[in-house]
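Me: I should like to examine how the descriptive terms applied to a structure follow from computed values. Please answer each query by setting the value against its criterion.

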Amino acid sequence: MSDYGKILVAIDLSEDSNRILQRARAVASSAAAQLHIIHVIEPLSFAYGGDIPMDFSGIQDEIYQQATQQLDRFAESHGIDKAHRHIVMGRPEVEIHALAEELQADLIVVGSHGRHGLALLMGSTANGVLHGAKRDVLAVRVGSPD
Ligand code: AMP
């Protein structure tokens with residue numbers, strides 16, 4: 001199998017993000033691959049639907065700006081240039097797959113909390129990304145060990 005050429009790393013901006021990027025970088029440097037990062041903002045309307053008759057656009061703009069600043073800080077601290085940073089609105093697993101397709105990435109890297117019980121039944125972003133993936137997926141174990 002040939003080495004990975006392009007790696008897409010899913011970043012939720014939590015403190016796990018450093019560890020996930022370090023793992024991705026280790027794979028990227030052994031394969032001399034390009035690293036791209038994506039952060040997905042879930043629209044508030046997904047959470048509240050039509051239940052609350054409110055205009056969320058002001059809050060949504062504020063969330064977008066904050067997330068962009070955080071992603072920029074994160075990317076700069078890891079030396080990832082602007083062309084390799086992606087911030088989009090939507091459902092994380094859907095947008096991660098869509099960008100991986102657009103970039104023709106060979107590998108997607110996500111964090112995985114190794115949940116059990118009810119949380120496992122409710123699913124996770126890592127499961128969502130793995131489901132129907134057309135490329136390799138590396139799930140980096142994050143969170144507290146158990
Ligand atoms: P979760 O299943 O939500 O605990 O997230 C597990 C992993 O999925 C995170 O460590 C990230 O790699 C990825 N992920 C979750 N939410 C997002 C998001 N909004 N944008 C990008 N990646 C995400």
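The exchange below concerns a predicted model and the reasoning behind the terms used for it.

Me: Why is histidine 97 called buried?

Reply: Histidine 97 has 19% relative accessibility, and the term buried applies under 20%; histidine 97 therefore counts as buried. Histidine 97 lies in helix H4, residues 92–103. Beyond residues up to four places away in sequence, histidine 97 touches Ile108, Gly128, Val129, His131, Gly132 and Ala133.

Me: What makes aspartate 72 and arginine 85 a salt bridge?

Reply: The closest N and O atoms of aspartate 72 and arginine 85 are 3.0 Å apart. The criterion is a distance within 4 Å, so the pair qualifies as a salt bridge. Aspartate 72 belongs to helix H3 and arginine 85 to strand E3 (residues 85–89), and the two are 13 residues apart, a link between distant parts of the chain.

Me: Are the two partners of this bridge buried, partly exposed or exposed, and how do you know?

Reply: Arginine 85 has a relative accessible area of 13%, which is under the 20% limit, so arginine 85 is buried. Aspartate 72 has 24%; partly exposed covers values between 20% and 50%, so aspartate 72 is partly exposed.

Me: Why is there said to be a network of salt bridges, and which residues are linked in it?

Reply: Arginine 85 also meets glutamate 76 in a salt bridge, at 3.5 Å from N to O, and this too is within 4 Å. Arginine 85 thus takes part in both pairs, and Asp72, Glu76 and Arg85 are linked in a network. Glutamate 76 is exposed, since its relative accessible area is 52% and the term applies over 50%. The whole structure holds four salt bridges.

Me: What makes glutamate 101 and lysine 134 a salt bridge?

Reply: Their closest N and O atoms are 3.9 Å apart, and the limit is 4 Å; the pair therefore satisfies the criterion. Glutamate 101 is in helix H4, whereas lysine 134 is in the loop between helix H6 (125–130) and strand E5 (136–141), 33 residues apart. Glutamate 101, at 36% relative accessibility, counts as partly exposed, and lysine 134, at 68%, is exposed.

Me: How do you know that the length of H3 agrees with its number of residues?

Reply: At 1.5 Å a residue, the 21 residues of H3 should span 30 Å. The end C-alpha atoms are 30 Å apart, which agrees with that expectation.

Me: Why are the buried residues of H3 placed on the same side of the helix?

Reply: In H3, the buried residues are Gln60, Ala67, Leu71, Phe74 and Ala75. They cover an arc of only 90° around the axis, which puts them on the same side of H3. On the other side of H3, Arg73, Glu76 and Ser77 are exposed. Glycine 79, which follows H3, has a positive phi near 65°.

Me: Which elements build the largest nonpolar core, and which residues touch the most other members?

Reply: Strand E1 (6–10), helix H1 (17–31), strand E2 (34–41), helix H3 (57–77) and strand E4 (107–112) each supply at least two residues. The largest share, five residues, comes from H1. Of the 23 residues in this core, Ile7, Val9, Leu21, Leu35, Ile37 and Val109 touch the most other members. Among the contacts of isoleucine 37 beyond four places in sequence are Leu21, Leu71, Phe74 and Arg85.

Definitions and conventions:
Residues are numbered from 1 along each chain as its sequence is written. This is a predicted model: local features need pLDDT of at least 70, side-chain atom pairs count only at pLDDT 80 or more; totals for chains, interfaces and linings use all residues. Side-chain values use heavy atoms; hydrogens and water are left out. A nonpolar core is a set of buried Ala, Val, Leu, Ile, Met, Phe, Trp, Tyr and Cys residues joined through side-chain atoms within 4.5 Å. Buried means under 20% relative accessible area, exposed over 50%, partly exposed in between (1.4 Å probe, protein chains only). Helices (H or I, at least four residues) and strands (E, at least two) are DSSP runs, numbered from the N terminus. Contact means heavy atoms within 4.5 Å. The expected span of a helix is 1.5 Å times one less than its number of residues. The arc is that of the directions from the helix axis to the C-beta atoms. A salt bridge is a side-chain nitrogen of Lys or Arg within 4 Å of a carboxyl oxygen of Asp or Glu.
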